[in-house]
Amino acid sequence: MEQLVDTRPGTLTAPERAAVYDWLAGIFAREMSPQAIETYRGNDGRIFLDQMASHPPLVPLTDHIHRITAGRESPESLSMELSVRFASLFLGAGGKRSAPPYESVYSNDSNLLYQKQTAQTQAALSAFGLSVSDLFPEPPDHISVQLAFMAHLARRAEQAASSRHLQEEYEVQRVFLATRLLSWIEKFLDHCVNADPNGFYTTAAVSMVTFVKDDAAHL
């Protein structure tokens with residue numbers, strides 16, 4: 001499809017922004033599989049990482065992936081190591097040394113799931129006829145759902161038929177970033193740092209937060 005507009009003039013195009021948000025959403029959605037590790041080790045994976053590394057906020061993450069996939073460790077073994085860290089941080093296995101990936105946890109004194117932020121994110125999705133897939137049994141205020149929604153909004157902006165419509169699309173994105181992601185992702189990052197300061201998912205969180213803040217500043 002011919003590129004119609006730049007969602008961030010002079011920086012990233014709409015498809016580039018969508019690709020980044022989709023990639024980040026996938027990283028926090030599920031454990032890295034042996035197949036994904038094999039892909040990163042192959043030529044196509046290296047090309048993809050180089051493309052992502054052209055965006056400065058993502059360099060820490062792409063460098064970390066290059067580093068952990070460059071060794072001789074089998075994909076199955078590396079996947080298992082990352083799965084243990086994923087479970088500890090995001091699935092509650094780490095107890096107090098965890099980083100729940102839900103807005104509700106960081107936006108209420110109760111630190112509980114399924115608070116008003118869950119309903120608010122669902123309302124944002126519903127306004128565009130979207131809902132969380134049955135294949136992803138998580139509440140709407142999960143970090144991956146919010147990042148995936150931003151990818152959807154970036155793709156919508158590409159289809160804007162006029163500058164007026166484009167500004168309306170920008171405003172939807174600005175509001176969602178301000179009221180949802182930017183309200184809690186730095187707290188999420190702090191939990192990742194405290195629980196696993198040098199780990200892969202902490203590096204991913206660093207790049208995610210930097211990218212989201214940079215993206216918001218350019219909208």
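Which helices each supply at least two residues of the lining of the second largest pocket? Let's work towards that in the exercises below.

This is a predicted model, in which local features need pLDDT of at least 70, side-chain atom pairs count only at pLDDT 80 or more, and totals for chains, interfaces and linings use all residues. Residues are numbered from 1 along each chain as its sequence is written, and side-chain values use heavy atoms, with hydrogens and water left out.

**Exercise 1. Describe the second largest pocket and its lining.**

Step 1. Rolling a probe the size of a water molecule over the atoms shows where empty space is left. On a 1 Å grid over the protein atoms alone, a pocket is an open set of points where a 1.4 Å probe fits, with protein on both sides within 12 Å along at least five of seven lines; lining residues have an atom within 4 Å of a point.

Step 2. The volume of the second largest pocket is about 160 Å³; a volume is the space filled by probe spheres set on the points, which are joined across faces, edges and corners.

Step 3. Among the lining residues are Trp23, Arg30, Glu31, Tyr40, Phe200 and Tyr201.

Step 4. Helix 1, helix 2 (34–41) and helix 11 each supply at least two residues of this lining, and the largest share, 3 residues, comes from helix 1. Helices here are DSSP runs (H or I, at least four residues), numbered from the N terminus.

Step 5. Sorted by class, the lining has 7 nonpolar, 2 polar and 2 charged residues. Ala, Val, Leu, Ile, Met, Phe, Trp, Tyr, Cys and Pro count as nonpolar, Asp, Glu, Lys and Arg as charged, and the others, Gly among them, as polar.

**Exercise 2. Do the same for the largest pocket.**

Step 1. The largest pocket has a volume of about 350 Å³.

Step 2. Its lining has 18 residues, and Ser131, Ser133, Ser144, Val145 and Ala148 lie nearest the centre.

Step 3. Helix 8 gives the largest share of this lining, 6 residues. By class, the lining of the largest pocket holds 10 nonpolar, 5 polar and 3 charged residues.

**Exercise 3. Check the length of helix 11 and find its packing partners.**

Step 1. The expected span is 1.5 Å times one less than the number of residues. For the 19 residues of helix 11 (residues 200–218) that gives 27 Å, and the end C-alpha atoms are 27 Å apart, so the two agree.

Step 2. The buried residues of helix 11 include Phe200, Tyr201, Met208 and Asp215. Buried means under 20% relative accessible area, exposed over 50% and partly exposed in between (1.4 Å probe, protein chains only).

Step 3. The partners of these buried residues include helix 1 (14–29), helix 5 (75–90) and helix 10 (185–195).

Step 4. Now look at Cys192, which is in helix 10. Cys192 counts as buried because its relative accessibility is 0%. Leaving aside neighbours within four places in sequence, Cys192 is in contact with residues including Leu89, Phe90, Thr202 and Ala205; contact means heavy atoms within 4.5 Å.

**Exercise 4. Classify two aromatic pairs.**

Step 1. A pair of aromatic rings is described by the distance of the centres and the angle of the planes. Rings of Phe, Tyr and Trp (its six-membered ring) pair if their centres lie within 6.5 Å; planes under 30 degrees apart count as stacked, over 60 as edge-to-face and the rest as tilted.

Step 2. The whole structure has 14 aromatic pairs. In one of them, the rings of Trp23 and Phe48 have centres 5.5 Å apart and planes at 80°, so the pair is edge-to-face. This pair links distant parts of the chain, with Trp23 in helix 1 and Phe48 in helix 3 (residues 43–53), 25 residues apart.

Step 3. Trp23 counts as buried at 9% relative accessibility, whereas Phe48 counts as partly exposed at 26%.

Step 4. Phe28 and Phe90 also form an edge-to-face pair, at 5.9 Å centre to centre and 70° between the planes. Phe28 lies in helix 1 and Phe90 in helix 5, so the pair ties together parts 62 residues apart in sequence. Both Phe28 and Phe90 are buried.

**Exercise 5. Find what stands out in the backbone at Tyr114.**

Step 1. Most residues other than glycine have a negative phi.

Step 2. Phi of Tyr114 is near 55°, a positive value in a residue other than glycine.

Step 3. Tyr114 lies in the loop between helix 6 (103–107) and helix 7 (116–126), and with a relative accessible area of 55% Tyr114 is exposed.
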